[in-house]
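Reader: I'm in my first year and still learning to read these pictures. Please pick the part around one charged pair, take a close look at it, and then show me how it sits in the rest of the chain.

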Amino acid sequence: MRKKLVLASLLIFLMVFSGCFSFISSGTTIEIKAAKTELELNESISLEALVKEKNKEVAFDGKEITWEVSDSSIAKLSDTKGKKVSLTALKSGSVTVTASYGKAKSNPITIKINEPNEPNEPSEPVETLLFKETFDKVPNGTNIRKEPDMLDNPESISHTSGTLTVIDGVLEMGSQRFTIE
C-alpha cells in the first residue's frame, strides 16, 4: 500500500513539474498587432502583443513577453521584452517578428522595408489660371462683370466675385470665384 502511495505521489510530482498542468500553455494564444507591415528606411512602428486565453484577452504587465526579429541588421527591436516594443527599419529587405508568452508563440508577421522614394525633379511652376477665353469685340479694360452685354452669351458667366477685365481680347481669372452656365 505504501509503495502505491509513493508511486502515485511521484507520478503527480513529475506531471506537475513536466508542465502537464501548465495554465500558460493550455488554450493560450498570442497575436502581434502592427499598424502597418511596410516601412521606409529609418521609420519605426509600434508592435503590441495581445495574449488571449480561451479567446479572452489576458490583462498583465507584459514583462513575460519575449520578442524576436529574424535579422537584426535589417530591423531592430527597441527591447526584447514587454507588451509593446518598437521596430526600426535599418536597411531594405524583409524580416519576420515573433512574440512568445510562456509556451505560446505568435504566428510570425513579415515586415518589408523599402528604399525611400527618390525626390522628383523640380517641376515647372503650375499655372493657376482658372478661366481663359478670347473676346475679340470687347475693348481693352472692360469689366465684363459690369458690362455683360458685351459678351456673345451674357448669361454664360454668372455669380462672379472680383473684377473680370479684358486685356487684348483675353479674359483671365486667377483666384476668383465664378460660375459658367
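Author: Let's start with E57, which counts as partly exposed at 48% relative accessibility (buried is under 20% relative accessible area, exposed over 50%, partly exposed in between, with a 1.4 Å probe and protein chains only). Before going on, remember that this is a predicted model, where local features need pLDDT of at least 70, side-chain atom pairs count only at pLDDT 80 or more, and totals for chains, interfaces and linings use all residues. Residues are numbered from 1 along each chain as its sequence is written, and side-chain values use heavy atoms, leaving out hydrogens and water.

Now for the partner: the side chain of E57 meets that of K83 in a salt bridge, 3.8 Å from N to O (a side-chain nitrogen of Lys or Arg within 4 Å of a carboxyl oxygen of Asp or Glu). This pair joins distant parts of the chain, with E57 in strand β4 and K83 in the loop between β6 and β7, 26 residues apart (strands, E, are DSSP runs of at least two residues, helices, H or I, of at least four, numbered from the N terminus).

Stay in that loop for a moment. K81 sits there too, between β6 (75-77) and β7 (84-89). With a relative accessible area of 44%, K81 is partly exposed. Leaving out residues up to four places away in sequence, K81 touches K63, I65, T66 and W67 (contact means heavy atoms within 4.5 Å). There's also E64 to look at: its C-alpha atom is 7.0 Å from that of K81, although 17 residues separate the two along the chain.

Two of those neighbours of K81 turn up again further in. I65 and W67 are among the residues with the most contacts inside the largest nonpolar core, and the list also has L47, L87, V97, I111 and I113. That core has 24 residues (buried Ala, Val, Leu, Ile, Met, Phe, Trp, Tyr and Cys joined through side-chain atoms within 4.5 Å). At least two of its residues come from each of β1 (28-34), β3, β5 (65-69), β6, β7, β8 (93-101) and β10 (109-114). Both strands beside the K81 loop, β6 and β7, are in that list of suppliers. If you zoom in on I111, you'll find contacts beyond four places in sequence with K36, T37, L39, I45, L87, G93, S94, V95 and V97.

K36 leads us to another charged pair. The structure holds two salt bridges, and besides the K83 pair there is one between the side chains of K36 and E43, at 2.4 Å from N to O. K36 is partly exposed at 35% relative accessibility, and E43 is partly exposed as well, at 24%.

Next to E43 in the numbering is N42, found in the loop between β2 (38-40) and β3 (44-53). N42 isn't a glycine, but its phi is positive, near 70°. N42 counts as exposed, at 65% relative accessibility. At the far side of β3, K54 lies in the loop that leads to β4 (56-57). K54 has a positive phi too, near 55°, and its relative accessible area of 70% makes it exposed.

Finally, how far can you trust the picture? The average pLDDT of the chain is 75, and 52% of the residues score at least 70 (pLDDT is the predictor's confidence in each residue, from 0 to 100). Among the elements, β6 has the highest mean, 96, while β15 (residues 179-180) has the lowest, 51. Over residues 19-25, pLDDT stays under 50, and the model has 10 contacts beyond four places in sequence for them. Where pLDDT is low, don't read the predicted coordinates in detail.
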